[in-house]
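Welcome, and thanks for taking a look at this one with us. Below is a short tour of its cysteines, its charged pairs, one helix and the nonpolar packing.

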Amino acid sequence: MFKHLAPEGFEAVSSGSFPKGQVLPRSLSTLQAAGIRTQGLYSKGNDAFEGSPPDVVITVCDKAAGEACPVYFGPALKAHWGLADPSDVDGDEASIQAAFDPSGLPLPDDAPREHPKVQELLELMQWSEGQVWCSPERHGSMSAVFKAQIDWVPLSLGAVRPTQGKTLAVMQVCGGSQSFNTVNQLRVLGRWMRMFTIPNQSSVPKAFMEFDDQDRMKPSALYDRVVDVMEELVKFTVLLRDRPDLVDRYSERRESAEELSQRVNQRSI
């Protein structure tokens, strides 16, 4: 990534304290999807650069900060970016790269809840820690396709609230001038679903002009804002992770799971 983004005259090399002998396939596919060349990349240890000490060393995995830097790195400027090691992520590729495609999702109440696309949506809602909601603005509002997805998600599944306490980032794309109608509506909807909506947001005007021939967003202030939003979402998600005390409610703690299930699933009043 550094080679791809850095100005001319800079050179970047990578290595691992404990190389596994091959580049993680997911790393290659992610780079390729971003339009970054992967030819010539291979797994290597720190000793590969013993004869050419670097000027700057940046460790990027959350476990690497505690590892000893080889002495031949010498007086290099050192920094640490604590990113989780992607090779430690559990689950199959489909769940790791989970994103919901609404194609084939029936209209709310127009099919049984057992419909495969409905079940896929509900499973992803419960699986996720944080979510990004993005909709085009149509006639001054979010699209019906997006609203239909949320209308399939109940506040409660039995005694489980599938979205309560999850983090949320909201974005919109516009066919014309910049508007904020949709992100404002998404915020209201996120609050209704009992989610923590982060302060930052993104609205991209004339979206048809902001993407290149490979469907990648062009560098711009609008692109920078999207990155800002995603970084903020990750930070808030980390802050709330494993903190049920910050997202539960006093009134709910007073109820047993059975009482809650009976209350929220009553068929008639």
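A disulfide here is a pair of cysteine sulfur atoms within 2.5 Å. With that cut-off, a search of the whole structure, which is a predicted model, turns up 0 disulfides. Why does Cys 134 not form a bond with Cys 174? The sulfur of Cys 134 has its closest cysteine sulfur in Cys 174, 9.6 Å away, and that is too far for a bond. The two cysteines also have their own surroundings: Cys 134 is partly exposed, with a relative accessible area of 39%, while Cys 174 counts as buried at 6%.

**Salt bridges**

How many salt bridges are there? The count comes to 3, and here they are with the distance between the closest N and O atoms.

| Pair | Closest N and O atoms |
|---|---|
| Glu 120 and Lys 117 | 3.2 Å |
| Glu 129 and Arg 241 | 2.8 Å |
| Lys 147 and Asp 151 | 2.7 Å |

Let us take the pairs in turn. Glu 120 and Lys 117 are 3 residues apart in helix α4, separated by about one helical turn. An α-helix has 3.6 residues a turn, so residues three or four places apart point the same way. Glu 120 is partly exposed at a relative accessible area of 29%, whereas Lys 117 is buried at 15%.

Lys 147 and Asp 151 both belong to helix α5, where they sit 4 residues apart, about one turn of the helix. Lys 147 is partly exposed, with a relative accessible area of 30%, and Asp 151 is partly exposed as well, at 41%.

The remaining pair is Glu 129 with Arg 241, whose closest N and O atoms are 2.8 Å apart. Glu 129 lies in the loop between α4 and β3 and Arg 241 in the loop between α7 (221–240) and α8 (250–253), so this salt bridge ties together parts that are 112 residues apart in sequence. Glu 129 is partly exposed at 42% relative accessible area, and Arg 241 is partly exposed at 41%.

**Helix α4 and its two sides**

Helix α4 covers residues 116–127, 12 residues in total. From its first C-alpha to its last it reaches 16 Å, close to the 16 Å expected at 1.5 Å a residue. Which residues of α4 are buried? They are Lys 117, Val 118, Leu 121, Leu 122 and Met 125. These residues cover an arc of only 135° around the axis, which puts them on the same side of α4. Pro 116 and Glu 123, on the other side of α4, are exposed. The buried residues of the helix pack against β3 (130–138) and α5 (144–151).

**Nonpolar cores**

The largest nonpolar core has 19 residues, and Leu 121, Trp 133, Phe 146 and Ile 150 have the most contacts inside it. The elements giving two or more residues to this core are α4, α5, β5 (167–173) and α6 (181–192). Of these, α4 gives the most, with 4 residues.

Trp 133 deserves a closer look. Leaving aside neighbours within four places in sequence, Trp 133 is in contact with Phe 146, Ile 150, Leu 168, Ala 169, Val 170, Met 171, Leu 186, Leu 189, Gly 190, Met 193 and Met 195. Apart from the largest core lies another, of 9 residues, among them Met 171, Ile 198, Val 204 and Met 217.

Methods:
Residues numbered from 1 in each chain as written. Predicted model: local features only at pLDDT ≥ 70, side-chain atom pairs only at ≥ 80, totals over all residues. Heavy atoms only, no water. Expected span 1.5 Å × (residues − 1). Buried < 20%, exposed > 50% of the residue type's maximum accessible area, 1.4 Å probe, protein only. Arc of directions from axis to C-beta. Contact = heavy atoms within 4.5 Å. Salt bridge = Lys/Arg side-chain N within 4 Å of Asp/Glu carboxyl O. Core = buried A, V, L, I, M, F, W, Y, C linked by side-chain atoms within 4.5 Å.
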